[in-house]
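Here is a friendly walk through how some helices of this predicted model are built and how they pack. Have the structure open as you read.

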Amino acid sequence: MFYVALYLSMLVIGYFGGYRMRNRRIGEKASEVIMMVFISLLVLVMGLRMGSNQQVIDNIGPIGLISLAFTVLLWIGTCFAVSVARRLMRLDKWGFLHEKTPGGQGSLTGDGDTPEETVMLKHIDDVEENADRKTGNDNSMTRLILLMLALGLAIGFFGIRTVLDHEQMLVFDDLSSKALVVGLCIMILAIGYGMGLSGEVIRALSKIGARVLVIPVAILVGTTISAILIGLIFPQITVRESMAIGYGYGWYTYAPICIGHAGHQVASAISFMHNVLRELGGIVLIPVLAKRIGYIETASIPGIGVMDVALPILQRATRDEIIAYAFAIGLFEELFTTVLVPLAIG
């Protein structure tokens, strides 16, 4: 909870700083440069940590394949649940709320016969044009992320892991963890500053209101149903173990330990790899899938990491208002994990 408060504070401070400068647009280009530099460094450090982590290396193989299949199936289930919830709330794939026109037709199906429909359709065209423009930028960002991740994994595996002893590895883990927190604070500050410069975020979020809380509930429902089905499919784990793994939501420093302490060693190993894959996979897939499956659905992919390590990538691949969903998802998933993993594993 400390980090949730820390990151949210950085976002608020950055927002009000940018809002005060919105008429002069000071620092707009600089914040974009800072974002890209620190995204690259963030992914590099994560790659270094994962490549040098012996537990990750030990679980590559049959456990890794099961974990990959588990992760993909869980992504499909949660994204489907979020998509259903989004449509029920009349949100389009970009996360915009579309009220019905006086004639009773939704804004996405109108023919432009009324002034209201004409404005709505023009707005949608503008959003789609902006998404098309972002796709080219996101392809570059995806290549950069993959490059930095591969570089970090290689250096971690062939360099750090072989050079440092156990005590030195503990120091490296501590320093790299602190570096991630500092880097994230700087990036989230830059995100908030950019949001303040636009000056439209508060007005847009006021329209969303309590709807933002529906998405974490949809993720919980999708996770539960998917985990039950996965537990019935894979003979290596029980339904109870599968639910405990699913409720980890990418928190690989908590869920695997909790499951292991309960005596479920295979499930603990699968949980660790699944949560690692969920966080790293989310970072790589967000720019690729944002336009294809929907902005809010994309926010559900990384798990808890959507409100920290994946947040700057999500903001660049989607739009500022989706950050509200990211924090709601991350906060509730942290609460779900803390409570539901011990309950599920017994």
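**Helix 4: a good place to start**

Helix 4 has 27 residues, which at 1.5 Å a residue should span 39 Å, and its end C-alpha atoms are 40 Å apart, so the two values agree. Helix 11 behaves otherwise: its end C-alpha atoms are only 35 Å apart, short of the 42 Å that a straight helix would reach. The points below take up these helices and their contacts.

**Along helix 4 and helix 11**

- Helix 4 covers residues 62–88, and just after this helix Arg90 adopts a positive phi of about 60°.
- Helix 11 runs through residues 265–293, 29 residues in total.
- Where is the kink in helix 11? Look at Ile286, where the helix bends by about 55°, shortly before the proline Pro287.
- Gly294 follows helix 11, and the phi of Gly294 is positive, near 115°.

**Helix 4 against helix 11**

- The axes of these two helices come within 8 Å and cross at roughly 50°.
- Why are helix 4 and helix 11 called oblique to each other? Their crossing angle is roughly 50°, and angles that are neither roughly parallel (under 35 degrees), roughly perpendicular (65 to 115) nor roughly antiparallel (over 145) count as oblique.
- Helix 4 passes helix 11 in a right-handed crossing.
- On the helix 4 side, the contact residues include Ile63, Phe70, Leu74 and Trp75; on the helix 11 side, they include Val266, Met273, Leu277 and Leu285.
- By class, the residues of this contact are 14 nonpolar, seven polar and one charged.

**Helix 9 against helix 11**

- Helix 9 (residues 239–246) packs against helix 11 at an angle of about 30°, and their axes are 9 Å apart.
- That angle makes helix 9 roughly parallel to helix 11.
- This crossing, too, is right-handed.
- Glu241, Ile245 and Gly246 are the helix 9 residues here, and they meet Ala267, Ile270, Ser271, His274, Asn275 and Arg278 of helix 11.
- Three nonpolar, four polar and two charged residues make up this contact.
- Ile270, His274 and Arg278 of helix 11 are listed in the contact with helix 9, and these residues also belong to the contact with helix 4.

**Helix 8 against helix 14**

- Helix 8 (residues 214–233) and helix 14 (residues 322–345) have axes 8 Å apart and pack at an angle of about 45°.
- The two are therefore oblique to each other, and helix 8 passes helix 14 in a right-handed crossing.
- Which residues of helix 8 meet helix 14? They are Ile215, Pro216, Ile219 and Leu220, and their partners in helix 14 are Tyr325, Ala328, Ile329, Phe332, Glu333, Phe336 and Leu340.
- The contact of helix 8 with helix 14 holds ten nonpolar residues, no polar ones and one charged.

Notes. Residues numbered from 1 in each chain as written. Predicted model: local features only at pLDDT ≥ 70, side-chain atom pairs only at ≥ 80, totals over all residues. Heavy atoms only, no water. Helix = DSSP H or I, 4+ residues; strand = E, 2+ residues; numbered from the N terminus. Expected span 1.5 Å × (residues − 1). Bend = angle between axes of the 7 residues up to and from the residue. Axes fitted to C-alpha atoms, helices over the stretch in contact; angles between N-to-C directions. Left-handed = near helix turned anticlockwise from the far one by under 90°. Contact = heavy atoms within 4.5 Å. Nonpolar A, V, L, I, M, F, W, Y, C, P; charged D, E, K, R; others polar.
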